Amino acid sequence: MPLDDEAIIGLLLARDERGLEALNEKYRAACTSLARDVTGSAMDAEECVNDTWLRVWNTIPPEHPQSLKHYVLRITRNLSLDKWREGRADKRGGGADSLSDELDECADPSDGDLPGTDARELREAMEQFVAGLDREERAMFVLRYWHGKPVADIARAFGMLPNTVTVRLKRTRAKLRAYLTERGIQI
């Protein structure tokens, strides 16, 4: 039976390598799936997950995350996006490429170089926007733009045609753009 998150964090804080083993056992599948969806490559995903464990080991302590799952997935996502960007010049059309194209019309909360907008302000606005979406719309948005799931997978999960999901995501992006514009956030 896997350890609970607080027990894993306790082992990591004590610098006990069993914390990494427990972390790997509990979250490897979720992290691998996320990394594969973003990078479009099983080999890159494996590297990102291994780098995630190293990053966790190097940051706990001093960090003590409230949610280990979200902490680990955020690290995996960021490392996967970095890996995807690194290989983008050589590879086109896979992984996060379509996500980037879709969100070009909106703001990317991980981009701290937006003129006139600080990353914290943008992140808070994005969190408020997503929280205000209805449950189904929020789930589709998060699956697509946080987890990097393909439209076909989202459509299957919701029992919809891919075109229906595409249209709904486009409408949600338009709402996001209007929401950010209303708040004076430059995009």
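**Entry 1: the chain as a whole**

I began with burial: buried residues account for 39% of the 187 residues in the chain. I note here that the model is predicted. Next I looked up the secondary structure and found 9 helices and 0 strands. Read from the N terminus, the elements run α-α-α-α-α-α-α-α-α.

I then looked up the surface. The accessible surface of the chain is about 10,600 Å², and 50% of this belongs to carbon and sulfur atoms. For contacts, I took those between residues at least 6 apart in sequence; 58% of them join residues at least 24 apart.

**Entry 2: the nonpolar cores**

Which residues of the largest nonpolar core touch the most other members? I found Leu23, Tyr27, Cys31, Trp53, Val56, Leu68 and Val72, out of 24 residues in this core. I also checked which elements give two or more residues to this core: helix H1 (5-13), helix H2 (18-39), helix H3 (42-59) and helix H4 (68-87).

I picked Cys31 for a closer look. Leaving out residues up to four places away in sequence, Cys31 touches Val49, Trp53, Val72, Leu73 and Thr76. Apart from the largest core lies another core, of 18 residues. Its members include Ala125, Met126, Met140 and Ile185.

**Entry 3: the salt bridges**

How many salt bridges does the structure hold? I found 9 salt bridges, and I wrote up three pairs.

The side chains of Asp5 and Lys26 form a salt bridge, at 2.8 Å from N to O. Asp5 is in helix H1 and Lys26 in helix H2, 21 residues apart, and the pair links distant parts of the chain. Is Lys26 buried, partly exposed or exposed? Its relative accessibility is 32%, so I entered Lys26 as partly exposed.

Arg18 and Asp16 also meet through their side chains in a salt bridge, with 2.5 Å from N to O.

In the last pair, the side chains of Lys83 and Glu47 meet in a salt bridge of 3.0 Å, N to O. Lys83 lies in helix H4 and Glu47 in helix H3, so this pair ties together parts that are 36 residues apart in sequence. I then looked up the burial of both partners. Lys83 has a relative accessibility of 14% and therefore counts as buried, since buried means under 20%. Glu47, at 36% relative accessibility, counts as partly exposed. I closed the entry with this note: in this salt bridge Lys83 is buried, whereas Glu47 is partly exposed.

Terms used:
Residues numbered from 1 in each chain as written. Predicted model: local features only at pLDDT ≥ 70, side-chain atom pairs only at ≥ 80, totals over all residues. Heavy atoms only, no water. Core = buried A, V, L, I, M, F, W, Y, C linked by side-chain atoms within 4.5 Å. Buried < 20%, exposed > 50% of the residue type's maximum accessible area, 1.4 Å probe, protein only. Helix = DSSP H or I, 4+ residues; strand = E, 2+ residues; numbered from the N terminus. Contact = heavy atoms within 4.5 Å. Areas by Shrake-Rupley, 256 points an atom, 1.4 Å probe, with all protein chains shown as cover. Salt bridge = Lys/Arg side-chain N within 4 Å of Asp/Glu carboxyl O.
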